[in-house]
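Q: Hi, could you go through this structure with me? I'm in my first year, so please explain the terms as they come up.
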Amino acid sequence: MTENKSVVYFADAQLEKMEQAKSLPAKLKRLVRKMNFAGKIKGKKVGIKMHFGWGLNFTTIHPVFIKALVEEIMAEGAKEVKIIDDNAKNGIGRGYLREIVGCPAVSTFGETWKYGYWEKIGFKSIDKIFFSGEALDSEFLINLSHLKGHGDCGFGGAIKNIGMGMVDNPSRRKLHHLEGAIVYDKNKCNYCLKCAKVCQRDAIGLQSAENKKKGKKEIEIFTHNCTYCQHCIIECPRGALKMNNRNFNNFAKGMAVVTSKFLKKLNPENMTYINFLTNITIYCDCWGFSSPPIVPDIGILGSSNICAIETASLDMIKTENLLEKGLPKDQRELLDNKGHLFEKIHAKNPYLMINYLSKYSGFTTGYKLDEVN
Ligand code: SF4
Ligand code: SF4
């Protein structure tokens, strides 16, 4: 039996001619028209979940694209549009201003930071998750993702934009804990901080504000940044750090479970996906700075099927197109590893999360590309 193939619309980054109408923002408008969700947004409040980035990051989706998208949505008859991410003030400070993009930036959990909904999960240590009220209360939601590598997920796209992007910080921590990774025995630790000094990833934090208040001296390991190089374990004079089995499989399953629960809270008719395959860097926009791209710009994809768009996005990122300048000089040896380019870099099979989501949500991974000219 052949699997149904979902349509994934594709706007190629390559220009046929040096004309504004052939440029990528112009193609984005045509891609939105071709996706044909106009009938679904007429008179509705539309939310666009994106990633504002922070610090010195300059590779998030440029405001010119957001402006083009907002114009198109309003032209299709939406009542209002808002862009959503962690902290609205951060977005505004980084140029996602109403005056520029044509709609307001709002925080994922509103101005109170508490606007959201609890959802029972029941997967391993994750009992429940707090989902974004701003996203779930949108009458039509566009999951707008900038696709790139990601330390925890292997890659960051539409699934990560939900599983990590539409949950609060304590929920995110629960997900990270599924990975296992480095085990810290605080009873053996004398807080010499040799581990923090040797860590080149800033993955070892000193006291959290919470611990400081309690007068506790404990280190914290930020699994997102950690590459499991084990330098800290070797350096620790007291055996306070040990390597547990890395459990990416559990983490990938957890991400898929949480994402599928979020999707079930919305009518699939009222949600769509756009993935930007431009400025594809080794790490996520949450790093606070940017590195050069690892492959040339590919374009923009759009689909109503999250698993199809994620699969198509990964398939288009090929090792043979690698731009070596995108890899820091001390990470060139990663290319000897096996698998997809992101698997070589992050040692995590990026398709795993998609396949689990397909199993839990019913979205299929098969796709056919339909090019937008
Ligand atoms: S394993 Fe490496 S990256 Fe992770 S905390 Fe230790 S030194 Fe840092
Ligand atoms: S090196 Fe070991 S003993 Fe020193 S702070 Fe780190 S974990 Fe604690």
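Q: OK, what covers the buried residues of α15?
A: The cover over the buried residues of α15 includes α7, α12 and α13, where helices (H or I, at least four residues) and strands (E, at least two) are DSSP runs numbered from the N terminus. Please keep in mind that this is a predicted model, in which local features need pLDDT of at least 70, side-chain atom pairs count only at pLDDT 80 or more, and totals for chains, interfaces and linings use all residues. Residues are numbered from 1 along each chain as its sequence is written, while chains are lettered from A and ligands numbered from 1 in the order in which they are written.

Q: And which residues of α15 are buried?
A: In α15 the buried residues are Y351, M353, I354, Y356, L357, S358 and S361. A residue is called buried if 20 or more other C-beta atoms lie within 10 Å of its own, exposed if 12 or fewer, and partly exposed in between, with the C-beta atoms placed from the backbone.

Q: What comes right after α15?
A: α15 is followed by G362, which has a positive phi near 90°.

Q: Back to α13: at what angle do the axes of α13 and α15 cross?
A: The axes of α13 (residues 306-316) and α15 (residues 351-361) cross at roughly 160° and come within 10 Å; here axes are lines fitted to C-alpha atoms, for helices over the stretch in contact, and angles run from 0 to 180 degrees between N-to-C directions. That makes α13 roughly antiparallel to α15, since angles under 35 degrees count as roughly parallel, over 145 as roughly antiparallel, 65 to 115 as roughly perpendicular and the rest as oblique.

Q: Which residues make that contact?
A: From α13 the contact is made by I306, C307, E310, T311 and L314, and from α15 by Y351, I354, L357 and S358, where two residues are in contact if their C-beta atoms, placed from the backbone, lie within 7 Å.

Q: Let's switch to α8. Which of its residues are buried?
A: In helix α8 (residues 169-177), S171, K174 and L175 are buried. Seen down the axis of α8, its buried residues fall within an arc of 100°, so they line one face of the helix; the arc is that of the directions from the helix axis to the C-beta atoms.

Q: Why would residues line up on one face like that?
A: An α-helix has 3.6 residues a turn, so residues three or four places apart point the same way.

Q: What does that face of α8 pack against, and what is on the other side?
A: The buried residues of α8 pack against β6 (126-132), α7 (158-163) and α12 (248-264), whereas N169, P170 and R173, on the other side of α8, are exposed.

Q: New topic: is M271 buried or exposed?
A: M271, which is found in strand β14 (residues 271-277), is buried, with 22 other C-beta atoms within 10 Å. Leaving aside neighbours within four places in sequence, M271 is in contact with L141, N143 and L266.

Q: Last one: which loop holds N36, and what about its phi?
A: N36 sits in the loop between α1 and α2 (38-41), and its phi is near 60°, a positive value in a residue other than glycine. With 12 C-beta neighbours inside 10 Å, N36 counts as exposed.
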